[in-house]
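This report describes how the parts of one model are arranged and where they touch. The sequence and structure come first, followed by the computed results.

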Protein chains: 2
Amino acid sequence: MQKTYEQMIRCHCASANTMALIGGKWKIIILDHLRDGTQHFNELQRSIAGITPHTLSQNLKELVSDGLVSRQDFKTTPPSTAYSLDTLGKELLPILTAITTFGENHPLIK
Amino acid sequence: MQKTYEQMIRCHCASANTMALIGGKWKIIILDHLRDGTQHFNELQRSIAGITPHTLSQNLKELVSDGLVSRQDFKTTPPSTAYSLDTLGKELLPILTAITTFGENHPLIK
DNA sequence: CAGTATCCCGCCAGATACTG
DNA sequence: CAGTATCTGGCGGGATACTG
């Protein structure tokens, strides 16, 4: 979770708890790309146009530490890692679906 | 919508379109408080502990300009305004419900 | 009551380069 | 390939005071 949200979750709104976890700029998009299965770091970076390795790494770390995503390190050379939805992340599927559906129905750019 | 998201929506992920609209730190919470009906500026500020007038005003402006919230000004003295979910905002109800449900099931602070 | 005006700061994120 | 290191900056948001 990002520091920005630490204060917000004291407002005792249930929705705040969720936003604290998925509120990062790219987090929902990352989770969205993990819906269909395991993805490598590199796959994520290429499929999410515009994200830098630095930012992707940062967001993934928080997602992992929050229990939404699990990280598997194959400890090979060259290195290979795999990210997938963890238990908690799978509980987000209804949210992801709702967000994606809305986004499809209301594109901001043609 | 906030400037931060302008670049993000070019990644052609449907979810990005949605996050650009609701991605502000307090936006989901504001929308959540508007679910049950019309709220005055002052009511929102008191029920959302921790938000400043400045930030609330800013977020509401964006929500209105994005068509999620409608603002009614009664032009009285002392001034009175009313905020409620607009058409587009009501389409977010499934998302709001999903987010609130998840947040209830996974509190971050006891 | 419903904001606005100002000032300010902290963090998220971008850019670039580098490494095991 | 999968990141980390370092530097930088912009913008969202906080604090406080003020106004029609």
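## DNA strand C

Of the atoms of DNA strand C within 4 Å of the protein, 85% are sugar or phosphate atoms, and the rest belong to bases. The model is a predicted one: local features need pLDDT of at least 70, side-chain atom pairs count only at pLDDT 80 or more, and totals for chains, interfaces and linings use all residues. Residues are numbered from 1 along each chain as its sequence is written, chains are lettered from A and ligands numbered from 1 in the order in which they are written, and side-chain values use heavy atoms, with hydrogens and water left out.

There are 25 residues around DNA strand C, and K25(A), N42(B), S57(B), R71(B) and T81(B) come nearest; a residue is near a strand if one of its heavy atoms lies within 4 Å of it. By class this surface has 7 nonpolar, 14 polar and 4 charged residues. Ala, Val, Leu, Ile, Met, Phe, Trp, Tyr, Cys and Pro count as nonpolar, Asp, Glu, Lys and Arg as charged, and the others, Gly among them, as polar. At least two residues of the surface come from each of α4 (53–65) of chain A and α3 (41–47), α4 (53–65) and β2 (81–85) of chain B. The element that gives the most is α4(B), with 4 residues. Helices (H or I, at least four residues) and strands (E, at least two) are DSSP runs, numbered from the N terminus.

Several polar contacts to DNA strand C can be named; a polar contact is a pair of N or O atoms within 3.5 Å, where within protein one must be able to donate a hydrogen and the other to accept it, and residues adjacent in sequence count only if both atoms are side-chain atoms. H40(B) places a polar side-chain atom 3.0 Å from a phosphate oxygen of the strand. N42(B) instead uses a polar backbone atom, 3.0 Å from a phosphate oxygen. At P79(B), a backbone N or O atom lies 3.2 Å from a sugar or linking oxygen.

## DNA strand D

DNA strand D is surrounded by 25 residues, of which N42(A), S57(A), R71(A), T81(A) and K25(B) are the closest. Sugar and phosphate account for 84% of the atoms of this strand that come within 4 Å of the protein. The surface near DNA strand D divides into 7 nonpolar, 14 polar and 4 charged residues. Chain A contributes at least two residues from each of α3 (41–47), α4 and β2 (81–85), and chain B does so from α4. With 4 residues, α4(A) gives the most.

Both chains supply contacts to the phosphates of DNA strand D. A polar backbone atom of N42(A) is 3.0 Å from a phosphate oxygen. From chain B, an N or O atom in the side chain of Q2(B) is 3.0 Å from a phosphate oxygen, and a polar backbone atom of K3(B) is 2.9 Å from one.

## Interface of chains A and B

The contact (heavy atoms within 4.5 Å) takes 41 residues from chain B and 42 residues from chain A. About 3600 Å² is buried between the two chains, and carbon and sulfur atoms give 73% of that area. Buried area is the accessible area (1.4 Å probe) that two parts lose on being put together, summed over both. K25(B), F102(B) and L108(B) supply 19% of the area that chain B buries against chain A, more than any other three residues.

The side of chain B that touches chain A draws at least two residues from each of α1 (14–22), α2 (27–33) and α6 (93–105). Its largest share, 9 residues, comes from α1(B). By class, the residues of this side are 26 nonpolar, 10 polar and 5 charged. Across the interface there are 14 residue pairs in polar contact, both residues at pLDDT 80 or more. The count of salt bridges is 0, a salt bridge being a side-chain nitrogen of Lys or Arg within 4 Å of a carboxyl oxygen of Asp or Glu.

## Relation of the copies

A turn of 180 degrees and a shift of 0.0 Å along the axis lay chain B on chain A with an RMSD of 0.0 Å. The two copies are thus related as by a two-fold rotation axis. Superposition is by least squares on the C-alpha atoms of residues with pLDDT of at least 70 in both copies. Of the interface residues of chain B, 100% are also interface residues in chain A, so the copies meet through the same surface.

## The loop between β1 and β2

In chain A, the peptide bond from T77(A) to P78(A) is cis, with omega near 0 degrees. P78(A) lies in the loop between β1 (69–73) and β2. K75(A) is also found in the loop between β1 and β2 of chain A, and its phi is near 50 degrees, a positive value in a residue other than glycine.

In chain B, the bond from T77(B) to P78(B) is cis, with omega near -5 degrees. P78(B) is in the loop between β1 (69–73) and β2 of chain B.
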